[in-house]
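Hi,

Here is the structure I promised to pass on. Have a look at it first, and then read on for what turned up when I went through it.

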Amino acid sequence: AGKAFRKFLPLFDRVLVERCAAETVTKGGIMIPEKAQGKVLQATVVAVGSGGRGKNGEIQPVSVKVGEKVLLPEYGGTKIVLEDKDYYLFRDGDILGKYVD
């Protein structure tokens with residue numbers, strides 16, 4: 001995946017994320033059918049842009065960093081396929097939150 005990001009870098013306040021895999025088995029060991037699986041809203045940040053311009057013209061940095069886990073909205077984002085893997089491009093302001101340890 002490292003080579004793919006040398007070919008594609010987000011611009012401005014855009015964030016490139018990789019959605020986490022859907023849960024296919026419950027904690028009790030029961031297999032969940034594909035239709036019953038919910039949409040995965042958790043993702044890992046894989047690349048960020050340099051930031052957007054504020055009202056005064058200064059660049060405001062993106063609020064997330066590469067490697068952080070974030071919560072995405074249910075709809076939105078632009079799907080991008082890099083080296084046969086699906087990634088999604090969101091604006092920094094569209095990301096709902098980030099997980100902290």
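Before the surface figure, one bit of method: accessible areas here come from the Shrake-Rupley method with a 1.4 Å probe. On that basis the protein exposes about 7300 Å², and carbon and sulfur atoms supply 54% of it. Keep in mind that this is a predicted model.

The overall layout is quick to describe. There is 1 helix and there are 8 strands, and from the N terminus on they run α-β-β-β-β-β-β-β-β. Of the 101 residues, 29% are buried. Among contacts with a separation of 6 or more, 63% are between residues 24 or more positions apart.

Now the inside. The largest nonpolar core has 11 residues: V15, V17, A43, V45, V62, V64, V70, L72, Y88, F90 and I95. Two or more of these residues come from each of β1 (14-19), β2 (42-48) and β7 (85-91). Another core, of 7 residues, lies apart from it and includes L16, V46, A47 and L89. As a general point, nonpolar side chains in soluble globular proteins tend to be buried together.

F90 is a good residue to click on in the largest core. Leaving aside neighbours within four places in sequence, F90 is in contact with D13, R14, V15, V17, R19, L72, P73, G76, G77 and I95.

On to the strand pairing. β1 and β7 run antiparallel and are joined by 4 bridges; R14 stands opposite R91 of β7 there. β7 also pairs with β6, again in the antiparallel sense, over 5 bridges, and in this case T78 is the residue opposite L89.

β6 and β7 form a hairpin with 2 residues between them, and the loop between these strands is worth zooming in on. Both E83 and D84 sit in it. Phi of E83 is near 50°, a positive value in a residue other than glycine. D84 is not a glycine either, and its phi is positive too, at about 65°. How exposed are they? E83 has 45% relative accessibility, so it counts as partly exposed, while D84 counts as exposed because its value is 75%.

Just before that loop, L82 belongs to strand β6 (residues 78-82). Is L82 buried or exposed? The cut-off for buried is under 20% relative accessible area, and L82 comes in at 14%, so it counts as buried. L82 also has a long-range partner to look at: its C-alpha atom is separated by 9.0 Å from that of K7, and the two residues are 75 apart along the chain.

I left the oddest one for last. D92 is found in the loop between β7 and β8 (97-98). Which side chain of opposite charge is nearest to D92? That would be K98, 8.4 Å away, and D92 is buried yet has no salt bridge. Not counting residues up to four places away in sequence, D92 touches D13, V15, P61, V62, S63 and V64. Of these, V15, V62 and V64 are members of the largest nonpolar core. D13 turns up in the contact list of F90 as well.

If you only have a few minutes, start with D92 and its missing salt bridge, then go to the positive phi of E83 and that of D84.

Cheers

Definitions and conventions:
Residues numbered from 1 in each chain as written. Predicted model: local features only at pLDDT ≥ 70, side-chain atom pairs only at ≥ 80, totals over all residues. Heavy atoms only, no water. Core = buried A, V, L, I, M, F, W, Y, C linked by side-chain atoms within 4.5 Å. Buried < 20%, exposed > 50% of the residue type's maximum accessible area, 1.4 Å probe, protein only. Contact = heavy atoms within 4.5 Å. Lys, Arg positive; Asp, Glu negative; His and termini not counted. Salt bridge = Lys/Arg side-chain N within 4 Å of Asp/Glu carboxyl O. Pairing = 2+ DSSP bridges.
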